[in-house]
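Biologist: Please take a close look at a single part of this structure and then place that part in its surroundings. I am new to the structure and would welcome one connected account.

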Amino acid sequence: MDSVIFRKSPIQNQIPMENFTNETIDTTQLPRFEEVPFAPLHPNYWKLTLIHLFVLFLILAAGLGFGIVFNNELIPYQWNLIVAAAVLMLLVLMFSRIAFRKKGFAFRNHDVLFRSGIIATNTIVIPYNRVQHVALHEGFISRYLGLAKIEIFTAGGSSSDIEIPGIEKIQAENIKQLLMGKIQKQL
Amino acid sequence: MKVDFSQPQRQSPIGVLIMFFDTIQQYGRALWPLVVIGIFKFDAANRLYIFLSIPLIFIVIGIIAYLKYLNFTFFLDNKNDEFVVTEGVFNKTRTTIQLQKIQQVNIKQSLLQRIIGVHALDVDTAGTNDKEVSIKAVSHELALDLKSVLLNNIRKVSENQTSETENPEIQAAISEQPFISISFLSLLKVGITSNYIRSLGLLLAFFVTTYDYAVRFSNHGIIDEDQFVNYFDKGFVMRFVGILIVLLLAAILIINVFRTIIKFFNYQIAKQSGSLLLSFGLFATKSTIIKPEKVQIISVTQNYFQKKFDILELKIKQATNGEKEARKQAIEIPGCNKNEHIAILKLLFGEMPEKGFMLKPNFRKLGFAVFLTIVVPLVVFYSVALNGAPNLLEYHYGVAVYVVFMGIIQYFSFRNNRLFINDRFIIKQSGAWDISNEIIEPHRIQAITTSQLFWHKSLNIGSITLHTAGGNVGFQLGNFEKIRNYANLWLYEMETSDSNWM
């Protein structure tokens, strides 16, 4: 395997002296990320989640059905199993709904925020000048619902990347353009 | 003939073959258990069906590969200086990379690609482990053209200097002007005082396997258990075990010392135009360069004995591009004393980092740690012991030792867990015995995650994770109000300055 490596030198930014000021920052006056209103995901994303869950439940139910029909030992417990499966499905449905409601995103002048989590509320903030690249992802079903997913990558590894699902296709395109514009301005 | 990259390009048509084998590999990995079951479980008639369906499967994969080939396009958006790659048959992904962000473009050829006569081209930006974009089958000319377009101001780097390599040039430079050299005595001290946890693990593993053997022997009737116990009287056994432990500890210490000396013998550090040059190793001398602008996290580790000996260990994590192994690896400087460590930190940070405002974790952190490491294992142990394995109950004293030992460890790691913040540095202190201080500068942060459990809202406690290109630094269950204030301040600093994080 032959491989040739080329690398660009990092671009050094220098702030001109005459524009340079260094006043004390009043930290109480800083914009607060926790007060930003978050935009919810598109209602169609809930439909998408339901479709995914429906397929999952269908497989689960089919498995259970086959189990009961072909394995005689399970027949005495069939109602227990069915009730357990129903409760499980309800719980999954409930948690999916909570997860959907909790997910939200916001674009500020200088950074992008994404909030998620069922038990814990996680908020991740990426400044535009730390964004490495952006990808737009359209799933097979989500395309029919007019949805797309935006993935924002930083140099901090996979735990510091943002994935915003359930954005309208046109809006996603706009957001991507906005992001690319912001990244460019930073350099 | 120059290719116009501003128009969407496909790969070489022969690349369908590469796609074909890729797809087979991909599905094969996911479906091989089914195939194995199919071969062994079904009777002859069903096997016939399976063999008949194989050509069908290949045709389907062929169609998928062709669709993949059709849908994979790449082009240069000259207006926005972007490289855009579109891929996917059902699930479509469009990846956009700013040309300025591209760090590396590698042209590669695997055996299969060599046979077919195509090349792969990988585009890499900083940070993330994976290559961002991989074009699997293009002709060599096209690959070269594309590379030169992607990197308009190319500078050839002969080898990756962030990883540890054998490099005579660096060694020569170091011998000219040594800055710090770590003595044999310091290495001895390091060997004696570090890696206790690992040694303990080895010790435990040894005992568990020995005991296992003894039990197996007795079960095979080679040694009768009662006879075995009677043969050695209790005092003798105790003395024997004591001697064994002492011998093992000695052996482990010696192994530690040898390992340290072999790895770090003749550790030399030199300064050259603001960078640190390192060289070390007994059999193979390794060299590496640390550039201050690439440094992301420095952790300083010291335990009680090392404090008495005046030695500490530095671990330096740099931003690397691409190479997975290099990313995980931190550069270690073992056994430097206080003044040397100050000199190194001053060189890399410009000043000696000082501990500023202190954030303490809430006592619930200790509670949670105790729950995870003591309560849960005890519940599991006793529920197993009471439901069918009553002979486990004889090990009460072992349980007590475990509880006390774990309790002490958790208490000290809670007491040492602190986050110190001042204008230029964030220092996270952690550890029970080996106390480490991870130092980062706010402008190295890539992204900030804050997290709060819903029942902690009224208690005003929560967690923060600072993501850097050299790894994450996290602090759990501190005063959430303070944490958010600092997050806002760091975001402000990151967003108003254009300082380079690498």
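**A hairpin in chain B and its surroundings**

Modeller: Strand 10 and strand 11 of chain B form a hairpin with 5 residues between them, and G281(B) in its turn has a positive phi of about 120°. Helices (H or I, at least four residues) and strands (E, at least two) are DSSP runs numbered from the N terminus. The model is a predicted one: local features need pLDDT of at least 70, side-chain atom pairs count only at pLDDT 80 or more, and totals for chains, interfaces and linings use all residues. Residues are numbered from 1 along each chain as its sequence is written, while chains are lettered from A and ligands numbered from 1 in the order in which they are written.

The two arms of the hairpin are strand 10, residues 275–280, and strand 11, residues 286–290, of chain B; they run antiparallel and are joined by 5 bridges. Two strands count as paired if DSSP finds at least two bridges between them. Within this pairing, L278(B) has T288(B) in strand 11 of chain B as its bridge partner.

The hairpin belongs to an open sheet of 4 strands of chain B, in the order 8-9-10-11, with antiparallel pairing. Strand 11 is an edge strand of this sheet, as is strand 8 (178–182) of chain B, and each of them pairs on one side only. At the other edge from the hairpin, strand 8 is joined to strand 9, residues 267–272, of chain B by 4 bridges in the antiparallel sense. There I182(B) is bridged to Y267(B) in strand 9 of chain B.

Helix 6 of chain B covers residues 184–193, and its buried residues are S186(B), L187(B), K189(B), V190(B), G191(B) and T193(B). A residue is buried if 20 or more other C-beta atoms, placed from the backbone, lie within 10 Å of its own, exposed if 12 or fewer, and partly exposed in between. After helix 6 of chain B comes N195(B), with a positive phi near 65°.

The next element to consider is strand 12 of chain B, residues 295–302, which contains V295(B). V295(B) is buried because 22 other C-beta atoms lie within 10 Å. Neighbours within four places in sequence aside, V295(B) is in contact with I290(B), I316(B), Q318(B) and L348(B); contact means C-beta atoms, placed from the backbone, within 7 Å. The C-alpha atom of V295(B) is also separated by 9.2 Å from that of A469(B), although these residues are 174 residues apart along the chain.

Chain B as a whole has 15 helices and 21 strands. Of its 502 residues, 30% count as buried. Among contacts in chain B between residues at least 6 apart in sequence, 61% join residues at least 24 apart.

The largest nonpolar core has 75 residues, and those with the most contacts inside it are I126(A), I150(A), I152(A), L179(A), I298(B) and I448(B). Such a core is a set of buried Ala, Val, Leu, Ile, Met, Phe, Trp, Tyr and Cys residues joined through C-beta atoms within 7 Å. Helix 15 of chain B, residues 480–496, gives the largest share of this core, 7 residues. Apart from it lies another core of 24 residues, including V85(B), I102(B), V133(B) and I135(B).

The core also leads to chain A. Residues up to four places away in sequence aside, I150(A) touches V134(A), L136(A), I164(A), I167(A), A172(A), I175(A) and K176(A). Chain A contains 4 helices and 8 strands, and buried residues make up 24% of its 187 residues. Chain A has a hairpin too, in which 3 residues join strand 3 to strand 4. These two strands, residues 104–107 and 111–116 of chain A respectively, run antiparallel over 4 bridges, and A106(A) has L113(A) as its bridge partner in strand 4 of chain A.

Finally, chain A is divided into domain 1 (45–99) and domain 2 (105–186), with bounds from an automatic or database domain assignment. Taken over C-alpha atoms, the centres of these domains of chain A are 33 Å apart. In chain A, 7 residues of domain 1 are in contact with 7 residues of domain 2. Helix 1 (43–70) and helix 2 (78–102) of chain A each supply at least two residues of the side of domain 1 that touches domain 2, and helix 1 of chain A gives the largest share, 4 residues.

Note on methods
Two residues are in contact if their C-beta atoms, placed from the backbone, lie within 7 Å.
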